[in-house]
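Biologist: Please take a close look at the interior of this model. Then follow the backbone around it.

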Amino acid sequence: MRTISADVARRTALAAQGMADPRPSGPVTRRHLQRVLGRVRLLQLDSVNVAVRAHYMPIFSRIGAYPPALLDDAAWSPTAKRPRLLVETWAHEASLVPVEDWPLLGHRVLPQRWWRHYAPLLERHPSLAGDIRDVVAERGPIGAGAIEKALEHPTARPRPAGASWWERSEVKRVCEYLFATGGLMVGGRRHFERLYDLPERVLPADVLAVPEPDPADAARELVRRSASALGVGTGTDLRDYYRLGPERTREAIAELVDAGELEQVAVRGWAKPAYRDPGARTPREVVGGALLCPFDPLVWERERTERIFGFRYRIEIYTPEHKREYGYYVFPFLLDGRLAGRVDLKADRASGALRVPGAFTEPGHDGSRVASGLAVALREMAGWLELDDVVVGERGDLAGPLRRALGV
């Protein structure tokens, strides 16, 4: 087993995530989107919209300004000429994944999560799942609220005498259960509301025809994808990318190492053994700046982020304001391959400004240099979000240098 330095591991991880790839020199196309997806493998979905929704940002972080409709069309508005590239499913969390990966992510492969608690609900309403599927078959793509109204219509579904009406929360929960277990899929979005549809109307015929894989085979393939996206990582890192079970991940790693498809290495400073994708590259340097949202796959696993970058990162959305250390929705700032700062961001669409309530330099980094690179990144992000200005608040040691770098 060979030993590599922590610096080599860091540059390998950055390259695997597409942070060392050149940005497009002209208009961004579907081909550029596919290149990023080939690196990161999935995009986490999250409802927070204080700056920009989480699934849009990793693309911007890697290729710069691009039309968000490019991603929307790939996920939710396919055409005959531009077929669907992405589907929603549970992976790391609720995520967009390449269409061809959907068969690997069935509920037999991933550990039972929140949906395992829904058994009592399904027992109380044994016909509800079937009734919901009937409504979706007839009217989909359709949201949970519209499904509830269809179920409550007196002519739509005869109800036994004395039967109580379902609560909307129950209808929504069964819709989510069916989505999690593959009985329904998301056919589109309306103002970020899920519109449910049948799998046969969402998936291409060739993907729908793929037989359900053996769980061990699927886990092995998902670990391969994790290794490709991470470059190098511990067993826990490889498991976390798709939230696989620990035992199944250990077996998959052992088989891949035996087959020469993973290389076990020791990383100086890492307490646990690591595994390197044999196809991973390690650039001599990684240059440029990029803002990263809290759900970017480069930083979403907080222990890995601290191990690789020496950057302790916690999201403080649910922390009372007076107890927050950095802010409500904080973006790490990557500069020349290192996390050099962090900024609290808010897109104030009413006033047309990208607001920076707080800006902070990481220890060991030069504030003026960080501010200079960050100013460029913030102006680019503001332009991408169709905001006219960047407004910096007072919090943090980087706030003053950042205002000077922005010329305000």
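Modeller: Helices here are DSSP runs of H or I with at least four residues, strands are runs of E with at least two, and both are numbered from the N terminus. With those labels, Pro141 sits in the loop between α6 and α7 (144-152). Remember that this is a predicted model.

Start with helix α14, residues 302-309. Six of its eight residues are buried, so the helix is mostly covered. The buried ones are Arg302, Arg304, Thr305, Arg307, Ile308 and Phe309. What do they pack against? Their partners are three helices and three strands: α1 (6-16), α11 (215-230) and α12, then β7 (232-234), β11 (330-335) and β12 (338-348). Directly after the helix comes Gly310, with a positive phi of about 65°.

Arg304 leads on to the cavities. A search of the whole structure finds six of 30 Å³ or more. The largest holds about 50 Å³ of space. Arg304 is in its lining. So are Leu230, Asp237, Asp240, Tyr241, Pro297, Leu298, Trp300 and Glu301. Helix α12 (residues 235-242) gives the most to this lining, with three residues. By type, the lining has five nonpolar residues, four charged and no polar.

Now the nonpolar cores. Nonpolar side chains tend to be buried together in soluble globular proteins. The largest core in this model has 114 residues. Tyr66, Ile132, Ile147, Leu291, Phe331 and Met381 touch the most other members. Helix α15 (residues 367-384) supplies the largest share of this core, nine residues. Apart from it lies another core, of 24 residues, with Leu14, Met19, Val330 and Phe360 among them.

Take Tyr66 by itself. Beyond its neighbours within four places in sequence, Tyr66 contacts Val28, Tyr56, Ile59, Phe60, Leu71 and Trp384. Pro67 is in the loop between α3 (57-63) and α4 (68-76). Pro67 counts as partly exposed because its relative accessible area is 42%, between the cut-offs of 20% and 50%. Pro67 and Val135 are 68 residues apart in sequence, and their C-alpha atoms are 34 Å apart in space.

Gly130 belongs to helix α6 (residues 128-139). Its relative accessibility is 35%, so Gly130 counts as partly exposed. Gly130 and Gly183 are 53 residues apart in sequence and 9.8 Å apart in space, C-alpha to C-alpha.

What about the cysteines? The whole structure has zero disulfides. Cys175 has a relative accessible area of 0%, so it is buried. Cys293 is also buried, at 0% relative accessibility.

Last, the backbone. Most peptide bonds are trans, and most residues other than glycine have a negative phi. The bond from Gly140 to Pro141 is cis, with omega near 0°. Arg41, in the loop between α2 (30-40) and β2 (43-44), has a positive phi near 75°. Arg41 counts as buried because its relative accessibility is 15%, under the 20% cut-off. Asp336 has a positive phi too, of about 50°, although it is not a glycine. Its place is the loop between β11 and β12, two strands that the buried residues of α14 pack against. Asp336 is partly exposed, because its relative accessible area is 28%.

Technical notes
Residues are numbered from 1 along each chain as its sequence is written. This is a predicted model: local features need pLDDT of at least 70, side-chain atom pairs count only at pLDDT 80 or more; totals for chains, interfaces and linings use all residues. Side-chain values use heavy atoms; hydrogens and water are left out. On a 1 Å grid over the protein atoms alone, a cavity is a set of points where a 1.4 Å probe fits but cannot get out, and a pocket is an open set with protein on both sides within 12 Å along at least five of seven lines; lining residues have an atom within 4 Å of a point. Grid points are joined across faces, edges and corners, and a volume is the space filled by probe spheres set on the points. Ala, Val, Leu, Ile, Met, Phe, Trp, Tyr, Cys and Pro count as nonpolar, Asp, Glu, Lys and Arg as charged, and the others, Gly among them, as polar. Buried means under 20% relative accessible area, exposed over 50%, partly exposed in between (1.4 Å probe, protein chains only). Contact means heavy atoms within 4.5 Å. A disulfide is a pair of cysteine sulfur atoms within 2.5 Å. A nonpolar core is a set of buried Ala, Val, Leu, Ile, Met, Phe, Trp, Tyr and Cys residues joined through side-chain atoms within 4.5 Å.
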